[in-house]
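User: Could you take a close look at the aromatic side chains of this model, and then carry on from there to the cavities and the backbone? I would like one connected account rather than a list.

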Amino acid sequence: MVVKMIKVHGSGNDFYLLDQTQFPEPLTDAELKQLAINSCKRDGAGLFEGADGVLVVDKSAHPGALGRMRVINADGTEASMCGNGLRTVARYLGTQNSTDAFRVQTMYADLKVQAVPDFATHVPAFSVEISPVSFDAQTLGMHANHDVATIINETIPALSDTLKFSAVAVPNPHLIAFVDHETLMGPELGRIGQWMNDGKNEIFPDGVNVSFVEVLGQNSIFVRTFERGVGFTNACGTAMSASSLMYVLLHQDSTDFNQEIHVTNPGGMVKTVVHQGADEEYWMELIGNATFVKIVTLPVAEALAADFSQASVTVTGEQTAYEDFVAALPTA
């Protein structure tokens, strides 16, 4: 049996997209985990250049959703959401079903997605909903500062005496600190990110995404993320969404919702809009590219055995267009 996967990315956060409906019988969870571990390795042992994870597309169990997305990280763990990945899944499902606006089932919510005007020629873009949002320690799996209920712009002495963190789930957990440029590019993010995801720390025993954020100007931020289950990544969609929320709450003269925020990241840029609903319920729009890089086919058995010698590839040409788009972005 042959498997077809599409190499996709949002802001350089790259994945292999796998449509389970291509099989008479879907791959098991154990097989999906092994496929992700094998395919995503970056050291030359993976499928071509590797990836941050595998996006699994399947039929939805919910009548209001067009399809279902699961996110298997490079280490085989499953993430509750991925904003960058959702944009590419939205494009895939929209193309397959000839529709531009619909909902996609994710682990915790059926999320709205919609095609938007291309960012540039051959750089298609989608807007996706990021929700639900929670600051609750139990939802976050957080045990910090004597198990306080929330941490918003506070120090966590076990991590740093100077950095102030905010903890928010969207729905996967994030620790966010606003920093200067030197700290953004320095070693602290790697140190804290590795410690928070070692599986041994008592603060986030299940791990957490850690982001450093630099404010570049009015409604303009740069986000660098150490992602749970991945490590340093070109971009993390939920991290950029959570960072945008904290920017509005902490760094605006007045809490100003519904404004477009320009978010730069190591892999490119996105736009976000933070919304406030009833009872101070927040949700974000994440707007960015949904790039299909290449189409890969190979035998399933060989892929599960980490043998990629029979893989064949068709390059779409979209990556060149995306790189031209990024090169034309203004520098801070």
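Analyst: **The ring cluster and its surroundings**

Phe-119, Tyr-322 and Phe-325 are joined by ring pairs into a cluster. The model is a predicted one, and it contains five aromatic pairs. In one of them, Phe-119 and Phe-325 meet in a tilted arrangement, with 5.7 Å between the ring centres and 50 degrees between the planes. This pair bridges distant parts of the chain, since Phe-119 belongs to strand E7 (residues 110-120) and Phe-325 to helix H8 (residues 318-327), 206 residues apart. Phe-325 also pairs with Tyr-322, and because their ring centres are 5.9 Å apart with planes at 50 degrees, this pair too is tilted. Here the separation along the chain is about one helical turn, because Tyr-322 and Phe-325 are three residues apart in helix H8.

As for the burial of these rings, Phe-119 counts as buried because its relative accessibility is 18%, against a cut-off of under 20%. Phe-325, at 12% relative accessibility, is likewise buried, and Tyr-322 is buried as well.

**Phe-226 and helix H5**

Another buried aromatic residue is Phe-226, which has a relative accessible area of 9% and is located in strand E13. Leaving aside residues up to four places away in sequence, Phe-226 touches Leu-189, Gly-190, Gly-193, Gln-194, Asn-197, Val-208, Asn-209, Val-210, Gly-231 and Phe-232. Leu-189, Gly-190 and Gly-193 are also among the buried residues of helix H5 (residues 188-196), which further include Ile-192 and Met-196. The C-alpha atom of Met-196 lies 9.8 Å from that of Phe-226, with the two positions 30 residues apart along the chain. The buried residues of H5 pack against strand E10 (164-169), strand E11 (173-178), strand E12 (209-217), strand E13 (220-227) and strand E14 (231-233).

**Asn-38**

A polar residue in a buried setting is found in helix H1 (residues 29-39), where Asn-38 is placed. Asn-38 counts as buried because its relative accessibility is 4%, and its side chain reaches the backbone oxygen of Ala-303 at 3.0 Å. Residues up to four places away in sequence being left out, the contacts of Asn-38 are with Ala-45, Gly-46 and Leu-47, and with Ala-303, Leu-304, Ala-305, Ala-306 and Phe-308.

**Cavities and a pocket**

Two cavities of 30 Å³ or more are counted in the model. The largest cavity, with a volume of about 50 Å³, is lined by Asn-73, Ala-79, Asn-172, Asn-209, Glu-227 and Arg-228. By class, that lining divides into one nonpolar, three polar and two charged residues. The second largest cavity has a volume of about 30 Å³, and its lining consists of Asn-13, Phe-15, Asp-52, Val-71, Asn-73, Ala-79, Cys-82, Glu-227 and Val-230. Strand E2 (13-19) and strand E4 (67-73) each contribute at least two residues to this lining, in which five residues are nonpolar, two polar and two charged. Asn-73, Ala-79 and Glu-227 thus appear in the linings of both cavities.

The second largest pocket, for its part, has a volume of about 250 Å³. Its lining comprises 16 residues, among which Tyr-108, Thr-139, Pro-171, Asn-172 and Pro-173 are the closest to its centre. Strand E5 (78-79) and helix H3 (137-140) are the elements that give two or more residues to that lining. Eight of the lining residues are nonpolar, five polar and three charged. Asn-172, already named for the largest cavity, is therefore a residue of the lining of this pocket too.

**Backbone details**

Pro-171, one of the residues closest to the centre of the second largest pocket, follows a cis peptide bond from Val-170, with omega near 0 degrees, and is located in the loop between E10 and E11. A cis peptide bond also joins Ser-131 to Pro-132, with omega about -5 degrees; Pro-132 is in the loop between strand E8 (123-130) and H3. Most residues other than glycine have a negative phi, and most peptide bonds are trans. Phe-48, although not a glycine, has a positive phi of about 55 degrees; this residue is in the loop between H1 and strand E3 (53-58) and counts as partly exposed because its relative accessibility is 35%. His-146, also not a glycine, has a positive phi of about 60 degrees. It is in the loop between H3 and strand E9 (154-155), and at 83% relative accessibility His-146 is exposed.

How values were computed:
Residues are numbered from 1 along each chain as its sequence is written. This is a predicted model: local features need pLDDT of at least 70, side-chain atom pairs count only at pLDDT 80 or more; totals for chains, interfaces and linings use all residues. Side-chain values use heavy atoms; hydrogens and water are left out. On a 1 Å grid over the protein atoms alone, a cavity is a set of points where a 1.4 Å probe fits but cannot get out, and a pocket is an open set with protein on both sides within 12 Å along at least five of seven lines; lining residues have an atom within 4 Å of a point. Grid points are joined across faces, edges and corners, and a volume is the space filled by probe spheres set on the points. Helices (H or I, at least four residues) and strands (E, at least two) are DSSP runs, numbered from the N terminus. Ala, Val, Leu, Ile, Met, Phe, Trp, Tyr, Cys and Pro count as nonpolar, Asp, Glu, Lys and Arg as charged, and the others, Gly among them, as polar. Buried means under 20% relative accessible area, exposed over 50%, partly exposed in between (1.4 Å probe, protein chains only). Contact means heavy atoms within 4.5 Å. A polar contact is a pair of N or O atoms within 3.5 Å; within protein, one must be able to donate a hydrogen and the other to accept it, and residues adjacent in sequence count only if both atoms are side-chain atoms. Rings of Phe, Tyr and Trp (its six-membered ring) pair if their centres lie within 6.5 Å; planes under 30 degrees apart count as stacked, over 60 as edge-to-face and the rest as tilted.
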